[in-house]
Amino acid sequence: RFFKLSNRIMDERVSFRGRSSHTLLDKKKISIAMELSKNPAVLFLDRPLEGLTSTEGEHLSEILQALGRRWKKTIIFTAEIPTTPIFLRCNRFSLLAAGRLVYEGCPGNMRCIMNEVGIEIPK
């Protein structure tokens, strides 16, 4: 599987060389694909959605979810303010406030806990 991914990456890199400009989303997808070609056990991404529109961020999070499932990889990423669709797409979620862990678990459970204390999470 990774040989196919590596070949696709090489094809993308070759086709990008001829372009004068690339979208930020394209650059992020290629960067992630290049890291995945190294076959890491865990892929850690620091704010991969930063600078993207909400639509682009949701698209990239869909790709990350599919990659994690297809190649059975753990993908960890940080996000300052994820949209609800991105938040709910996560298998596990950790919420930090002032450097302290406030919540860790399933996003669906967090909704119930937050509602109990009077904090509503938008749908």
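This passage describes the nonpolar cores, two helices, the largest pocket and two loop residues of a predicted model.

The largest nonpolar core consists of 12 residues: Leu25, Ile32, Leu36, Leu43, Leu45, Leu49, Leu52, Leu60, Leu64, Leu67, Trp71 and Ile86. Three elements, helix H2 (24-36), strand E1 (42-45) and helix H3 (54-70), each contribute at least two residues to this core. Another core, of 5 residues, lies apart from the largest one and includes Phe87, Phe93, Met110 and Met114. Ile86, a member of the largest core, is in contact with Leu49, Gly57, Glu58, Ser61 and Phe77, when neighbours within four places in sequence are left aside.

Helix H2 contains 13 residues. The distance from its first C-alpha to its last is 18 Å, close to the 18 Å expected at 1.5 Å a residue. The buried residues of H2 are Leu25, Asp26, Lys28, Ile30, Ile32, Ala33 and Leu36. Of these, Leu25, Ile32 and Leu36 also belong to the largest nonpolar core.

Helix H3 has 17 residues, and at 1.5 Å a residue it should span 24 Å. The C-alpha atoms at its ends are 24 Å apart, so the model agrees with the expected span. Within H3, Gly57, Leu60, Ser61, Leu64, Leu67 and Gly68 are buried. These residues lie on the same side of H3, because they cover an arc of only 125° around the axis. The covering of the buried residues of H3 includes H2, E1, strand E2 (74-77) and helix H4 (84-89). On the face of H3 turned away from its buried side are the exposed residues Thr55, Arg69 and Arg70.

The largest pocket holds about 970 Å³ of space. Its lining is made up of 33 residues, of which Phe77, Cys90, Arg92, Phe93 and Ser94 are the closest to the pocket centre. Two or more lining residues come from each of H3, E2, H4, strand E3 (93-97) and helix H5 (107-116). The most is given by H3, with 5 residues. Helix H3 thus appears in two settings, as a supplier of the largest nonpolar core and as a part of the pocket lining.

Phe77, one of the residues closest to the centre of the largest pocket, is found in strand E2. Its relative accessible area is 23%; the cut-off for a buried residue is under 20%, and Phe77 is therefore partly exposed. Leaving aside neighbours within four places in sequence, Phe77 is in contact with Leu45, Pro48, Leu49, Leu64, Ile86 and Cys90. Among these contacts, Leu45, Leu49, Leu64 and Ile86 are members of the largest nonpolar core. The C-alpha atom of Phe77 is separated by 8.2 Å from that of Leu43, although the two residues are 34 residues apart along the chain.

Two loop residues call for a remark on backbone angles. Most residues other than glycine have a negative phi. Asn39, in the loop between H2 and E1, has a positive phi, near 60°. Lys72 follows H3 and lies in the loop between H3 and E2; its phi is also positive, near 50°. With a relative accessible area of 41%, Asn39 is partly exposed. Lys72 has a relative accessible area of 71%, and because the cut-off for an exposed residue is over 50%, Lys72 is exposed.

Technical notes. Residues are numbered from 1 along each chain as its sequence is written. This is a predicted model: local features need pLDDT of at least 70, side-chain atom pairs count only at pLDDT 80 or more; totals for chains, interfaces and linings use all residues. Side-chain values use heavy atoms; hydrogens and water are left out. A nonpolar core is a set of buried Ala, Val, Leu, Ile, Met, Phe, Trp, Tyr and Cys residues joined through side-chain atoms within 4.5 Å. Buried means under 20% relative accessible area, exposed over 50%, partly exposed in between (1.4 Å probe, protein chains only). Helices (H or I, at least four residues) and strands (E, at least two) are DSSP runs, numbered from the N terminus. Contact means heavy atoms within 4.5 Å. The expected span of a helix is 1.5 Å times one less than its number of residues. The arc is that of the directions from the helix axis to the C-beta atoms. On a 1 Å grid over the protein atoms alone, a cavity is a set of points where a 1.4 Å probe fits but cannot get out, and a pocket is an open set with protein on both sides within 12 Å along at least five of seven lines; lining residues have an atom within 4 Å of a point. Grid points are joined across faces, edges and corners, and a volume is the space filled by probe spheres set on the points.
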